[in-house]
Amino acid sequence: MRLGLSSLFGLIFLALPASAQDITLRLPVACEIGRGCFIQHYVDRDPSPAASDYQCGTLTYEGHDGTDIRVPTMAAQKAGVDVVAAADGTVLRTRDGVEDIALTGRGRQSVANTECGNGAVVDHGNGWEAQYCHMAKGSLAVKSGDTLKAGDRIGRIGLSGMTEFPHLHFTLRKDGKPIDPFAYGAPEKSCGGGKSLWEASLQRALAYQGGSVLNKGFASGPVTMEAIESGAAEQEIPTTRSPALVAFVRAIGLKGGDVQTLTLFDPDGKPVAQNKASPLDRDKAQWMAFSGIKQPEGGFRPGLYRAIYRVERSGKPAIEQAFGISLRP
Ligand SMILES: [Zn+2]
């Protein structure tokens, strides 16, 4: 069938009003969700003093107006993860020179007026604007007036401004108002309503998860948060001669009432240690779990030891993660 000019224009005209004002976002960080980076907080969609994410979950806090994308350790931050433009745009303003120091123990006063730390505000067109925060000192690769293509490097994930862990805080705004890119146009307090603004290829990786495992592994003795953050815990390789074999997990996004079980299995698949924690008394942004055994006389039997971490929420499985290590002499 021949399409007349008038009907062709008609089609284009019909298609425009619905989509012209929308934006499609790529991930503003150069890492893979679920491996190299994790979503710690979503936008708080609850206008009351309570907080609720777009799925009516707890992965947010009061007044949080952006998405926090976290790297798993300080070691990963030091190795460097790029912050990139989520869409084409023009840089409006930037700040660099703020130290990379965790807020922990310093008080909010210390970051007054520099809450965003090293950051950039980018005009993405049609009233869309995004702010990229907490980047590493000296990493800003753009200046105001620069034109960006989606994916262009803006800086690196850091620890500057009001933050206690290395992450990118990404605030999207439309006509000056913060927008949840996971739930554009959702009515207040709807659970899962609205439209995702992330590009189609990201939908699977960005599917909502009510908590995830940030770090996991095996050590030959007690594991500290410092050892996890520095990367030392992940580098250590226990052997059959290690004084102990300890499975460890750091999970994020846990809820009050969650029951965590970490079980260690020997090469025959027999459980040799289990740590079942009592239900959490309240929501926890992050939590560590361990399960281990001392070296038996004569050393550990060589072979594959496995661990399974499970979180039960309201009687249903919420998180499950299995991992293993081959013990050698
Ligand atoms: Zn944030």
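**Entry 1: the hairpin of strands 16 and 17**

I began at the turn between strand 16 and strand 17, which form a hairpin with 2 residues between them, and I noted that Ser314 in this turn has a positive phi of about 50°. I kept in mind from the start that this is a predicted model. The two strands of the hairpin run antiparallel, and I found 11 bridges joining strand 16 to strand 17, the latter covering residues 316–327. As one register point for this pair I wrote down Leu304, which stands opposite Ser326 in strand 17.

**Entry 2: from strand 16 to strand 13**

I then turned to the pairing of strand 16 (residues 303–313) with strand 13 (residues 259–265), which is antiparallel and extends over 7 bridges. Two positions fix the register for me: Thr263 stands opposite Ile308 in strand 16, and the bridge partner of Gln260 in strand 16 is Val311.

Which residues of strand 13 lie on its covered face, and which on its uncovered one? I listed Gln260, Leu262 and Leu264 on the covered face, whereas Val259, Thr261, Thr263 and Phe265 belong to the uncovered one. Read together with the pairing, this places Gln260, the partner of Val311, on the covered face of strand 13, while Thr263, which stands opposite Ile308, is on the uncovered face.

**Entry 3: strand 13 and strand 14**

Strand 13 is also joined to strand 14 (residues 271–276), with 5 bridges between them and an antiparallel run. Thr263 appears here again, since I find Thr263 opposite Gln274 in strand 14, in addition to standing opposite Ile308 in strand 16. Strands 13 and 14 form a hairpin with 5 residues between the strands, and in this hairpin Gly269 takes a positive phi near 85°.

**Entry 4: the open sheet 11-12-15**

I next looked up a sheet of 3 strands, which is open, has the order 11-12-15 and is paired in the antiparallel sense. Why is one side of strand 11 and of strand 15 left without a neighbour in the sheet? Strand 11 (212–219) and strand 15 (284–294) stand at the edges and each has a single partner strand, so one side of each remains without a neighbour there. Neighbouring strands of this sheet are turned by 10° against each other on average, with direction ignored.

For the individual pairs, I recorded 7 bridges between strand 11 and strand 12, which run antiparallel, and 10 bridges between strand 12 (residues 244–254) and strand 15, again in the antiparallel sense. Ile252 is a useful marker for me: Ser212 has Ile252 as its bridge partner in strand 12, and Ile252 also stands opposite Gln286 in strand 15. I checked the burial of strand 12 as well and found this strand mostly covered, with 10 of its 11 residues buried.

**Entry 5: the two domains**

The domain assignment gives domain 1 (24–202) and domain 2 (212–327), and I noted that their C-alpha centres lie 31 Å apart. The contact between them takes 8 residues from domain 1 and 11 residues from domain 2. On the side of domain 1 that touches domain 2, the elements giving two or more residues are strand 1 (38–41) and helix 2 (74–79). By class, this side of domain 1 has 5 nonpolar and 3 polar residues and no charged ones.

**Entry 6: the whole chain and its confidence**

Finally I stepped back to the whole protein, for which the secondary structure comes to 4 helices and 17 strands. Its C-alpha atoms fill a box of roughly 85 × 55 × 45 Å along the principal axes. Of the 329 residues, 36% are buried. Among the contacts with a separation of 6 or more, 68% come from residues 24 or more positions apart.

How many residues, as a percentage, score a pLDDT of at least 70? I noted 94% of the residues at that level, with an average of 91 for the protein. Residues 1–18 need separate caution in my notes: the pLDDT over this stretch is below 50, and beyond near neighbours in sequence the stretch has 1 contact in the model.

Key: Residues numbered from 1 in each chain as written. Predicted model: local features only at pLDDT ≥ 70, side-chain atom pairs only at ≥ 80, totals over all residues. Pairing = 2+ DSSP bridges. Axes fitted to C-alpha atoms, helices over the stretch in contact; angles between N-to-C directions. pLDDT = per-residue confidence, 0-100. Contact = placed C-beta atoms within 7 Å. Buried ≥ 20, exposed ≤ 12 C-beta atoms within 10 Å, placed from the backbone. Domains from an automatic or database assignment. Nonpolar A, V, L, I, M, F, W, Y, C, P; charged D, E, K, R; others polar.
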